[in-house]
Amino acid sequence: MEIIQNTALYRTFLVTLLYMLVVFSQPSFATFSASVDHSVIGSHETFELNLRSDTDSASAPDLSKLEKDFDVLGTRQSRQVRIINGRSESWRDWIITLAPKRTGSLTIPAISLGSEQSSPVTITVSGTLNQPGTTSNVSPVFMRAELDTEQVYIQQEVVLTLKIFHRVNLYDDSRLSPLEIEDAIVQQLGDTKKYESVIDGTRYGIFELKFAIYPQKTGSLMIPAMTFTGTMADRRAPFSGMFSMGGKPIVARSPEILLSVQEQPDDYPGHDWLPTKKLTLTESWSQSLDSIKVGDAVTRTITMQADGLNAAQLPPLNLPSPSGANSYPDQSSTEDIPTAEGIIGKRVSAIAIVPTQAGPMTLPAIKVTWFDTQRKIVRTTEIPGRTIQVQPAENYELVQPFKAAAPVETTTEQTTPVAEEEVPPQQESYWKWLALAMGLLWLITGLGGWLFWKKSRKSPLQTTNKATGKTTVVVDKTDEKSLFQQFENTCHNHEKPGMILESFKQWSRVYLNAPELATVQQCVQRFDSETLKTVCHQIDSAIYSGKTAEAEAEELLALCQKMRKNRSRKKIHEETVELYPQ
């Protein structure tokens, strides 16, 4: 009996030992693992990294190590429980959508979750995989980028065409990174175009954008890659239903393009460098030239247009003043006209001409030198000079002074005194009262102006800029010192380029004693300084590029301080009177 009991106990011990050997002899599975959905991808594709833990940890994986070679586009997680034959298993997954930053063999490093670490995973990123035009194209989204030319002169326009192809439905959250190029001015040409095309038997939707690029530095210029991100519809995603669809982040990148930028030719004779495909000059008049009379005010308008230049690159025209007439420059305007081939810059300049004498009036020719970027030659566009016959004004009479009565013949026998013609008492009274009224009116006007000036000097108004919080003193526009101080503050405070030029214009009009100057270009022409012209042109260009002009503003201020110190206002006034007779 003892033997039987010992035998049963021995069997129980053997079964228990065998069970423990079976359990502990099973391979040990990692509690935290990493895997990818595919290990060979294109540079424009995304993939998913799956991190799995069989413990219900409250912590999250540390993804900071991924930022070196990958962009993390999205992260989601799920927890699953499975029961088989009464035995339960559970695990938690983190699904991370990644986009590679470069091509080649990339390693996903070990990811930490608490005290656990996953194993590294290696993937291969190919720059030629699944490109458009190949039969193996399976990428849902890819990009193309091309330039209309790969070699240009400095400040010459080059057009970049960017196309985004997609064969899946995209949500409305699609975004494109901005095109920012150092040492270049970039302007988008119109709105984004949307259309469809068939490539290798597959229909793609296409977004097309165009950009005009103006290099500002010679040498090699790299057009950087642009990144497109979005969410494509994925019916297989969790929680998708009849009225909602899950989404999968997706990314695409355009290739980098190298552009060669040359210096302007050494034999270019023009002062203003104008590299363009075509430049035209047209003129128009406010009335027919066959009927111009003395005293008529006629406006001459010159329009300059250039294909491949923006308006900020076009120099202001120096419209000559004809002899025998008074001239008054009118305000100019600029405009950028975007087209599919590039930008057409437009500058309109006008001058009012008032003939002061009858007879022939000669208008000098207007010439603009430019560089033809298509034929690689220097060209000149000209409006030929012409002579206009000015007619006398109608009812034009000189005011003749009163004459004394003719003397009466006398003889030796008799002399008859002749009285001088007298002004009627009523007319004499009228002129006396008119002169008295005019004198009184002049006195009241002068007294009122003096009181207004004195009051404004004592109590200047102040305005506060809500955006910057800066307080600006509104001074009397006739006070040159106050205007110049305001101009200095505008430059030192690094205000917007447009505000700097406006402050410069207000001071120049008073300093030059020329209130008829309506534009910055007219003020610069009056100073007759090439350095000043260049600096103002640079600040004007900053308005269109959206950049600041801090260094240019300080240079402009230094030039004005020097001119203000070396040249007296009396001399400037004399030159102004001589150039612009009243």
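Strands here are DSSP runs of E at least two residues long, numbered from the N terminus. Ala 352 sits in one of them, strand β26, which covers residues 342–355. The model is a predicted one. Apart from its neighbours within four places in sequence, Ala 352 is in contact with Val 298, Thr 299, Asn 326, Ser 327 and Tyr 328. One of these partners, Asn 326, is 26 residues away from Ala 352 in sequence, with 8.3 Å between the two C-alpha atoms.

Stepping back to the whole chain, the secondary structure adds up to eight helices and 32 strands. Of the 582 residues, 36% count as buried. Take the contacts between residues at least 6 apart in sequence, and 67% of them turn out to join residues at least 24 apart.

Next come the helices. Two packed helices are described by the angle between their axes and the distance between the axes. For helix α4 (residues 497–511) and helix α7 (residues 550–566), the axes come within 12 Å and cross at roughly 10°. Angles under 35 degrees count as roughly parallel, and α4 and α7 are therefore roughly parallel to each other. On the α4 side, the contact is made by Ile 500, Phe 504, Trp 507 and Tyr 511. On the α7 side, Ala 553, Leu 556, Cys 560, Met 563 and Arg 564 take part. Sorted by type, the residues of this contact come out as eight nonpolar, no polar and one charged. An α-helix has 3.6 residues a turn, so residues three or four places apart point the same way.

Helix α5 (residues 520–527) is mostly covered, with seven of its eight residues buried. The buried residues of α5 are Val 520, Gln 521, Gln 522, Cys 523, Val 524, Arg 526 and Phe 527. Just past the end of α5, Asp 528 takes a positive phi of about 55°.

Then there are the charged pairs. Side chains of opposite charge can pair when their charged atoms come close. With a cut-off of 4 Å between a side-chain nitrogen of Lys or Arg and a carboxyl oxygen of Asp or Glu, the count comes to 11 salt bridges. One of them pairs Arg 52 with Asp 93, with 2.7 Å between the closest N and O atoms. This pair links distant parts of the chain, since Arg 52 belongs to strand β3 (residues 47–53) and Asp 93 to strand β5 (residues 87–100), 41 residues apart. Arg 52 is partly exposed at a relative accessible area of 34%, whereas Asp 93 is buried at 4%.

A salt bridge also joins the side chains of Lys 533 and Asp 272, at 3.9 Å from N to O. Here, too, distant parts of the chain are linked: Lys 533 is in helix α6 (residues 530–545), Asp 272 is in the loop between β20 (257–262) and β21 (275–276), and the two positions lie 261 residues apart in the count along the chain. Lys 533 counts as partly exposed, with 25% relative accessibility, and Asp 272 counts as partly exposed as well, with 26%.

Glu 283 and Arg 300 form another salt bridge, their closest N and O atoms being 2.9 Å apart. Glu 283 lies in strand β22 (residues 278–285) and Arg 300 in strand β23 (residues 298–307), so the pair ties together parts that are 17 residues apart in sequence. Glu 283 is partly exposed, at a relative accessible area of 27%, while Arg 300 is buried, at 2%. Salt bridges with shared partners also join Asp 71, Lys 101 and Arg 253 into one network.

Two further positions round out the picture. Gln 187 is placed in strand β14 (residues 184–188) and is buried, its relative accessible area being 14%. The side chain of Gln 187 makes a polar contact of 3.2 Å with that of Asn 310. Not counting residues up to four places away in sequence, Gln 187 touches Lys 210, Phe 211, Ala 212, Tyr 214, Asn 310, Asp 336 and Ile 343.

Asp 54, for its part, is found in the loop between β3 and β4 (70–84). With 38% relative accessibility, Asp 54 counts as partly exposed. The C-alpha atom of Asp 54 is 6.9 Å from that of Phe 32, a residue 22 places away along the chain.

How values were computed. Residues numbered from 1 in each chain as written. Predicted model: local features only at pLDDT ≥ 70, side-chain atom pairs only at ≥ 80, totals over all residues. Heavy atoms only, no water. Axes fitted to C-alpha atoms, helices over the stretch in contact; angles between N-to-C directions. Helix = DSSP H or I, 4+ residues; strand = E, 2+ residues; numbered from the N terminus. Parallel < 35°, antiparallel > 145°, perpendicular 65-115°, else oblique. Contact = heavy atoms within 4.5 Å. Nonpolar A, V, L, I, M, F, W, Y, C, P; charged D, E, K, R; others polar. Buried < 20%, exposed > 50% of the residue type's maximum accessible area, 1.4 Å probe, protein only. Polar contact = N/O pair within 3.5 Å; in protein donor to acceptor, adjacent residues only side chain to side chain.
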